[in-house]
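Me: I should like to learn how to read the features of a protein model, one at a time. Could you guide me through the one shown here?

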Amino acid sequence: MSKNGKTGSKSVTVKQATIDLLRAFGIDRVFGNPGSTELPFLSDWPDDIDYVLALQEASAVGMADGYAQATRNAGFVNLHSAAGVGNALGNIYTAHRNQTPLVITAGQQARSILPLQAFLYAERASEFPRPYVKYSVEPARPEDVPAAIARAYYTAMQPPCGPTFVSIPIDDWTHATAPVEARKVSREIGPEREAMKALVAAFGSAKHPALVVGPGVDRAGAVDLMVRVAEKAKASVWVSPFSARCSFPERHPQFAGFLHASPAQLSDALLREHDLVVVVGAPVFTFHVEGHAAIFDGGATIFQITDDPDAAAVTPVGTSIVATMKPALSLLLDLLPESKRATPKGRTLPPAPQAADPLPVEFLLHSLAQAMPDGTSLVEEVPSHRPAMQKFMPMLGQDSFYTMSSGGLGYSLPAAVGMALGKPKSRTVCLIGDGSAMYSIQALWTAAQRKLPLTVVVINNSGYGAMRSFSQVMQVRNVPGLELPGIDFVRLAEGMGCHAVRVSRAAELGETLKRGMAFEGTSLVEVIVDSAVPVLYGQKH
């Protein structure tokens, strides 16, 4: 399109128009696993766009997710028809929950044989990934493909960000079309000023306010603003349940801790001391187990700042302000007077864990925190050990921590590969459980081939620790499928070209981790730990 929005007379192929759009959008990598229906798109691939080969489609989406979060631009994924989209759906759902901008394309059979239900065709292809994509289409005509991809990009990048999907028949790529010029689309949404004044008044009358920060703050690059607001308001700062990012430095003196995903435990924590609760960049609230949520009974005033209208719509009580984080927090900082309240005290830190054999997970996490170099990004998937991690592995704030918001395993290993691609000058650490690692172990191959600065730490407790814990909390017995004996991660990693070592003694742990961090390229450290069952939730629900 020309600058005045009218289509010019120049004609290019659908493929060329698409490649030109990727360049204009600053997309320099495409993640995929090729199939026959994608070959016309991939033929004579340009040198200036890196094709990142994953060995399975879920890994391709996970890598694109990590890369998009590292670069704050949409990841571009090319999947193989219906079967490939099916393989990828778990991580598409995670990208939806993570609010990660992705443009996902998938091959489709030739239009001429679609009525015959041809091999590799997808019936109603655009419906397949719904409702976990923001926009989904199979264009009506080949010449409509570039415009559909442009719309998918703008939609993916518009807060709340998320994945989009375009199905493209194999014979569309060589058709002629008009080029589509990239446009500038604003992404910031300002808050309603009167609602912000009401929030400031609530801060003024509160005796013990609390800020509950969620992943939206870090996604927006607004952690420093969040810190300044907390300090000016003299408010305690909690992390929302299942936050997938670090939106406040966890060694800040006002940091109060992590909220449980249990309604009763969360309510106890907030109502014990706070008369005002302001949730920023998170839902109100994400729960994992049943129970009475006394926090909604009126004992505390609740405000929410969110860039997600759906999150605002489902909030059961209080006032929701729909805005993106930077304009909302900037206005709040301007409107807030200096508080005369005493600065609240942060959480009491536990003593450093002691070395022992068999290796306690707490000692491993404390040792890993000491071994990680400055500027490390941690990508985590150890759900059974998250409480211990939150005690002994402090995250520093902006761009330091990433995990999956979905609860679906198989995300963090490929996401760490994408993160390392997006941050090649610093170390990425993937902290992952033995059960989680086996969902996407093939992602190691991509990391090894590219010699990425990635250290994978596998916590091996020979089973699904989170399920062991839940079986105790729920008082159920003789549950099958919780034990995972006999997996050798060193041999698996070496078979894919990675440097790998195993450690099972506390005396060897520190030096082993340091060597893993210093290794030039991708390394894996398998740590055999005590198989003691962690306690994820108390009996009070």
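Reply: The turns below take up strands, helices, a single residue and a pocket. Please bear in mind that this is a predicted model.

Me: Let us begin with strand 2 (residues 29–32). Which of its residues lie on each side, and are they buried or exposed?

Reply: The general idea is that side chains alternate between the two faces of the sheet in a regular strand. In strand 2, R29 and F31 lie on one side and V30 and G32 on the other. Both faces are covered, and these four residues are all buried.

Me: Which strands does strand 2 pair with?

Reply: Strand 2 is joined to strand 3 (residues 50–53) by four bridges, and the two run parallel. Within strand 3, Y51 is the bridge partner of V30. Strand 2 also pairs with strand 4, again in the parallel sense, over three bridges. There, N78 of strand 4 is the bridge partner of G32.

Me: How does one read a whole sheet, and in what order do the strands of the six-stranded one lie?

Reply: One follows the pairing from strand to strand. Here six strands form an open sheet with the order 16-15-17-18-20-19, and the pairing is parallel. At the edges are strand 16 (401–402) and strand 19 (499–503), each of which pairs on one side only. As one example of the pairing, strand 15 (residues 377–381) meets strand 17 (residues 428–433) over five bridges, with V429 of strand 17 as the bridge partner of L378.

Me: Turning to helices, why does the distance between the ends of helix 5 agree with its number of residues?

Reply: The idea is to compare an expected span with the distance in the model. Helix 5 (residues 145–157) has 13 residues, so at 1.5 Å a residue, counted as one less than the number of residues, it should span 18 Å. Its end C-alpha atoms are 19 Å apart, which agrees.

Me: How many residues of helix 5 are buried, and what do they pack against?

Reply: Helix 5 is mostly covered, with 11 of its 13 residues buried. Among them are V145, I149, Y153 and M157. The buried residues pack against helix 1 (14–24) and several strands, including strand 4 (75–79) and strand 5 (102–108).

Me: How many residues of helix 12 are buried?

Reply: Helix 12 (residues 361–371) has eight buried residues out of 11 and is mostly covered. F363, L365 and H366 are among the buried ones. Their packing partners include strand 17, strand 18 (454–460) and helix 19 (506–518).

Me: Why does I295 count as buried, and where is it found?

Reply: A residue counts as buried when its relative accessibility is under 20%. I295 has 0% and therefore counts as buried. It is found in the loop between strand 12 (276–280) and strand 13 (301–306). Apart from neighbours within four places in sequence, I295 is in contact with L266, L270, F285 and I302, among others.

Me: Finally, what volume does the second largest pocket have, and which residues lie nearest its centre?

Reply: A pocket is read through its volume and its lining. The second largest pocket has a volume of about 710 Å³. Of the 31 residues that line it, H96, R97, Q99, D308 and A311 lie nearest the centre. Helix 4 (81–98), helix 7 (215–219) and helix 10 (309–314) each give two or more residues to this lining, and helix 10 provides the largest share, four residues. By class, the lining has 15 nonpolar, 10 polar and six charged residues.

Notes. Residues numbered from 1 in each chain as written. Predicted model: local features only at pLDDT ≥ 70, side-chain atom pairs only at ≥ 80, totals over all residues. Heavy atoms only, no water. Buried < 20%, exposed > 50% of the residue type's maximum accessible area, 1.4 Å probe, protein only. Contact = heavy atoms within 4.5 Å. 1 Å grid on protein atoms, 1.4 Å probe; cavity = no way out; pocket = protein on both sides within 12 Å on 5 of 7 lines; lining within 4 Å. Points joined across faces, edges and corners; volume = space filled by probe spheres on them. Nonpolar A, V, L, I, M, F, W, Y, C, P; charged D, E, K, R; others polar. Pairing = 2+ DSSP bridges.
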